[in-house]
Amino acid sequence: MNDATVSEPSSAHAGGSPDTGFGTKSYRKYVLGMLLTVYIFNFIDRTIINILTEPIKESFGVEDWQMGLLGGPAFAILYTFVGIPIARFSEKRHRVWIIAGSIALWSLMTALCGFATSFIALFIFRIGVSIGEAGCSPPANSIIADYFIPKERSTAVSVYALGIPLGGMVAYVFGGFIVDSLDGPTVAAMLNSWNWTWAANALDWQNIEGWRVAFVVVGVPGIIVAMFVKMTIKEPPRGYTDPPEMQGKEHVGFAEVLKILKTKPAYWHVTMGVTIASFVNYGIGQFLVSFLIRTHEMSLFDASVKIAMALAVMASIGTYMSGFLADKYADRFPKALALIPMFALIGVIPMHITGYLVDDLWLAVPLLMIGQMLLYTYLCPLYAVPSGVVDSRMRATAVAVTLFIVNLLGYGLGPPLIGALSTILNSTFLSGLDPTLTLEACKADNLAANVQAACDSANADGLQWSMVIFKALYVWSVFHFYMASRTIQRDMGRD
């Protein structure tokens, strides 16, 4: 399908105009709501592994560093490398079809994770999830830019970015509930109560762990979402809300996009600021539930539903408010897209470090919640700046380049490095408690009470201090957002 076909819908048929956005106001809200739903499912399937870290670790007998590989490189490597070709494809082809096909693929791969018979198989299925999810954000952000005029885009993008905390929240709630309440034997009993004996006899339900059921339950509904996207979202004319002088320009090559981005220092500083923040956030996110279980002795259900959900709600507030404020005060504070996350991250550091170190949950949780709201202000610039420094011919590619860097370095390195640091510190603390103990020795069954206590203490302390060390890296991110603030007004054409 070529551009002419893609651009077939017109304002006469869809309502709206280049001055107000493609489609009617209510339809624009619907499209944004559907894209938000897509992104929520994107992050449900991406982050469900975080909630299931402890049961998967026990099931396959692996260490934190291996779970870090599963949460990071297994997803990030092909996600980043496939993202740019898909973005280039979406600059010329039907973006809605690309998004719908991508949802179907990653949802299927998520469900298959529940059938993994080994750690390697699970690793491979996670790669499949990453390939599907690579086709989501670049075309979605390109579509948003055609539906919404420039002065509304930061708010629209921040609504779309709500998919990250909301998707995480849903994953935490349902993942924790399913693992705690819906294992194989429970499913078998439920099927028998419905007289679905054929389904009850189809699998060996008695030996199916809850984490496997969780993957299937969160994966399958994505197929339905893919169908709704394909049937209800109209492909907007490319560049519909761009200035008249930008209409009808020829497609540009990848090298030309990089050449233009090279002249935008604010873009690169925002990208680095977001990358460092993501490196810390993805790394800690992989082990947040594990931290609550090990340090505060919470159940998986309580850790995922009660605490993580509270943090996700605050993250959603921060994500939306950053875009809303950036649009609302764009004329008075044109540097807001860089300054909001800069000042917010300065506040996050002491709040989160204190929250991770204090023993009292009643003190820790409020600090973590306020810090989480401030932290997620970095998500709006992640999409708004790449889309704002280029025109419609390059937006999907600019977003894909950004995500390539952010996910390869942030998602690809964050979880495995914090997992490796946790394993190293775990071993160090363990030898400090008892020089004869090793990580391997702690895996044995029926350990003496004092030995088990030493193993549990070192396991908790290793992860806790790894998270504290990682949080200090936000200082580096603050520097890049400050540097971005110096040229962002010029680079986004707001002089």
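## Cavities in a predicted model

Helix 17 provides the largest share of the lining of the largest cavity, at seven residues. The model is predicted. A search of the whole structure turns up two cavities of 30 Å³ or more.

**The largest cavity.** Its volume is about 440 Å³. The lining is made of 36 residues. Nearest the centre of this cavity lie Ile164, Asn281, Gly285, Gln372 and Tyr376. Eight helices are named here. Two or more lining residues come from each of helix 3 (25-51), helix 11 (163-181), helix 17 (265-296), helix 18 (300-328), helix 19 (336-357), helix 20 (361-375), helix 21 (379-388) and helix 22 (395-433). By class, the lining holds 24 nonpolar, ten polar and two charged residues.

**The second largest cavity.** This one has a volume of about 50 Å³. Its lining consists of Tyr79, Thr80, Gly83, Ile84, Ala134, Pro138, Ala400, Leu403 and Phe404. Helix 6 (73-90) and helix 22 each give at least two of the lining residues. Helix 6 contributes the most, with four residues. Seven of the lining residues are nonpolar and two are polar; none is charged.

The table sets out the two cavities.

| Cavity | Volume | Top contributor to the lining | Lining by class |
|---|---|---|---|
| Largest cavity | about 440 Å³ | helix 17, seven residues | 24 nonpolar, ten polar, two charged |
| Second largest cavity | about 50 Å³ | helix 6, four residues | seven nonpolar, two polar, no charged |

Helix 22 appears in both linings: it gives two or more residues to the largest cavity and at least two to the second largest cavity.

Technical notes. Residues numbered from 1 in each chain as written. Predicted model: local features only at pLDDT ≥ 70, side-chain atom pairs only at ≥ 80, totals over all residues. Heavy atoms only, no water. 1 Å grid on protein atoms, 1.4 Å probe; cavity = no way out; pocket = protein on both sides within 12 Å on 5 of 7 lines; lining within 4 Å. Points joined across faces, edges and corners; volume = space filled by probe spheres on them. Nonpolar A, V, L, I, M, F, W, Y, C, P; charged D, E, K, R; others polar.
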